[in-house]
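Okay, thanks everyone. Let me put the model up on the screen and then walk you through it.

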Amino acid sequence: MRVELQQIRKSYPLPGGDGTVAALDGVDLVIESGTLCILKGPSGSGKTTLLSVISGLSRPTSGSVLLDGTVVRNPLDRQRGMVAHGFQEAVFIPELTVVENLLLPALRCGDRLAVDRGERLLEAFGLGEMFDVPPAALSGGEKRRLNLARSLFLPPRLLLIDEPAAYLDDGWQVKAMEMIIREVRDARATLVMATHTPLPGDEGFRHILMHKGKVIDDGTSDY
Amino acid sequence: MTESRRKYFAVPLLLAVTGGLLVAIPRWLFPTCGFAHQSMAGAMMRCDTTGSITLFLGVATLVAALALYLLSSGPARSGVLFAAVAAGCVLFPLYLVWPGVCMAATMPCRMGTLPAVLLTGGVQVLVAVTSLVRSRSRRA
Amino acid sequence: MSERFGLAGLAVRMTVRAPLKLFSMGFLLALVSFLLAGVVLVRSGVEEATARGAKRLGADLMVVPQGAEVPLGAGLFGGVPVRFSLPEGIDRRIAVMPGVLVAAPQYFLSSAPASCCETGNLLLVGFDPSRDVTVLPWLSPHVRLKMETGSILVGGSVMKGTGAALRFYNHPFTVAARLEKTGMGYFDNAVFIPLDGVSAMERSSGSAGGVSLRVPWGRPSILLVRLAPSIVPRDMASLLERRYPGIKVLTIPGLFRENRLRMEKLARGQLPLAAAAWLFAVLGGGALQFLYWRERRSSLGLLQAFGCGKGVLMLLFGAEAFVLSLAGMVAGSAGAFFVLRLFASYFAVTAGMPLLLGGLDLSLSGLPWLWLVFAGTMAVEAVIIMFLMLRREPADLLRGA
């Protein structure tokens, strides 16, 4: 999936209503279909906001997001367009079990559930024993892995992952990256990951550096 | 308080309330005829016998509640819950069949003790059965 | 886990696995419903018992000793044993008055204290089967009182079945039939003994060191009078009171006047009470739902992120609030019914009012509109709360901002 961002601005009102702060300040970016891309930058540089704007979780104050050349407006449409988002926060619905939380992306697809795929993913992410437990019973690392597994549940055309390595030990960082890259390559999808730390196996990725809501460096290296 | 701790606390608490009520109803809250000073010629009345057995069942329920609070899981917990169900169920034939209560609907045991005990017993059975079903489905 | 995992299944799981929400919302509505249904059931139960009781008395007038109105109420409505007597020979004099079809005397007695307590403190009503207008006309034609066997009739609340043996004042009796419940203590809690039986019981009393019974023969406790259709009961009542001092003559509607007034008061208070309960439910339910969804806003963000539109979420959780509230309302009303049913005697005796609850379906038949109004309100509240919550962007909701 090709992603094109045109003059994206996103500002938030300051507490107390005194003016606004710009999280994204006129971002122009084109990510070609099949690109593996890493958004880098310090905390507060706008990486998470940019991912939210691309996935439709956040509406830009101005500017346009084009997916495969079409302006897409709401998350529902983007979901149908197979955009998957691994959130920065490992957020789950506490009343649902681990597997039910994993299956959430299939909620609106109308397909019969691929429980087998869910089981395989949980096994792959080391959560095979946690199939029916509530997410509250998981450790921080396990929650992160479930978060990643959920973003891979439906074969995406555009996969956005925020801080994929957070809370994962070195072994799981490598394993998770391998799985993400394999899934993306199998689906011939586009991958955009946001991180402020180096990721294992990110050689050959396109590295986009952000600072104060702007793209300040774009080291393109398509595979 | 953790989630699991909260789960185990609710049922013992509810059973402690029903057990406490079973102790208090026949003696103080809705006393049987003898305790309500309507004793017939100073003799032990039938409803007083029923009330005394109720009091005993209430104490047994309180002990069950304490045991449930101390027991984390397993067959012993199920056993205690079964005992609480049995104690609640026994109240019905106790009041409606034998020894029973006074025949007149205007007697304190019929007006107050019987409905209050049956209501409490019903709640106790409901709580214990629900807890049993939940613990079994959790195990399954 | 089922293979299908649709929105409805999701909502059900999110509801049944949230015991706090389930309990607090359900309990709040159940409490409100319990109170409202309690008032509605008491009102309809008293009205039903009054209507049935008035019909069952089968008379136009009730003659009682002057000043006996208060104990009469306890006896009639609560079924509490009471004793009072009319002036000597009044029944014979009234029976021969023009316009009087039947004058049926009844003697109110109470069972003797017995150590076995089986009988407890029962209201015993001695009646004359040949002049009775109150008990026998309502019995099934199959029931025959065999006087030689000491047949008696017991009220619907007396725990003795047909054929059971009973002993009062050392005299054995057999239960010939159990009367249908009316909600009036006089019919439900009493034992009706034909006068022959009362006489035999009086003779047996005192033997073997038992308590002796003295029946004030010729001075019945009450006199039930049936008039010719052309006679106006109120006029006859005034005439009797003027002619025979020391008596109080009550028309049957007059007998229930106090209850009617109290029920009218209750009826007037019903609407303000319902309004107050509705306001309480709106505020309490609104606060509960708001606090719950505020705590769970990340779940809403997640659902939006996975493609659930605002409209779908509003519909889903509005429906959830509706079902939950409806269940709470039904449970509360059913609870009120069962509690009132259990404590009907307690109510009748302490409040001095007859109470008759029909079957569950019949008693609660007037309440569904109330359930729907409350459940609908909760659903609207849920939709409004959803609307307010979902004004934030999914990204903000996910962050819990």
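So, the radius of gyration of chain A is 17 Å, and since a compact globule of 223 residues would come out near 17 Å, the two agree. Keep in mind that this is a predicted model. If you lay chain A along its principal axes, the C-alpha atoms fill a box of roughly 45 × 40 × 35 Å.

What's the secondary structure of chain A? We've got six helices and ten strands there. And how do the contacts in chain A run along the sequence? Taking pairs at least 6 residues apart, 70% of those contacts join residues at least 24 apart.

Now, inside versus outside. Buried residues account for 52% of the 223 in chain A. The accessible surface of that chain is about 9,500 Å², with 50% of it belonging to carbon and sulfur atoms. On charges, chain A carries 25 positive and 29 negative ones, and their mean positions sit 5 Å apart.

Okay, cysteines, over in chain B. Over all chains, the structure holds zero disulfides. C33(B) is in none, and the nearest cysteine sulfur, from C109(B), is 3.4 Å away. The cut-off for a disulfide is sulfur atoms within 2.5 Å, so that pair doesn't count. C33(B) has 0% relative accessibility, so it counts as buried.

Then there's C47(B), also without a disulfide; for that one the nearest cysteine sulfur is that of C33(B), at 3.6 Å. C47(B) is buried too, with a relative accessible area of 0%.

That's what I have, happy to rotate the view.

Terms used. Residues numbered from 1 in each chain as written. Chains lettered and ligands numbered in written order. Predicted model: local features only at pLDDT ≥ 70, side-chain atom pairs only at ≥ 80, totals over all residues. Heavy atoms only, no water. Helix = DSSP H or I, 4+ residues; strand = E, 2+ residues; numbered from the N terminus. Rg over C-alpha atoms; globule rule 2.2 N^0.38 Å. Buried < 20%, exposed > 50% of the residue type's maximum accessible area, 1.4 Å probe, protein only. Contact = heavy atoms within 4.5 Å. Areas by Shrake-Rupley, 256 points an atom, 1.4 Å probe, with all protein chains shown as cover. Lys, Arg positive; Asp, Glu negative; His and termini not counted. Charge placed at Lys NZ, Arg CZ, Asp CG, Glu CD.
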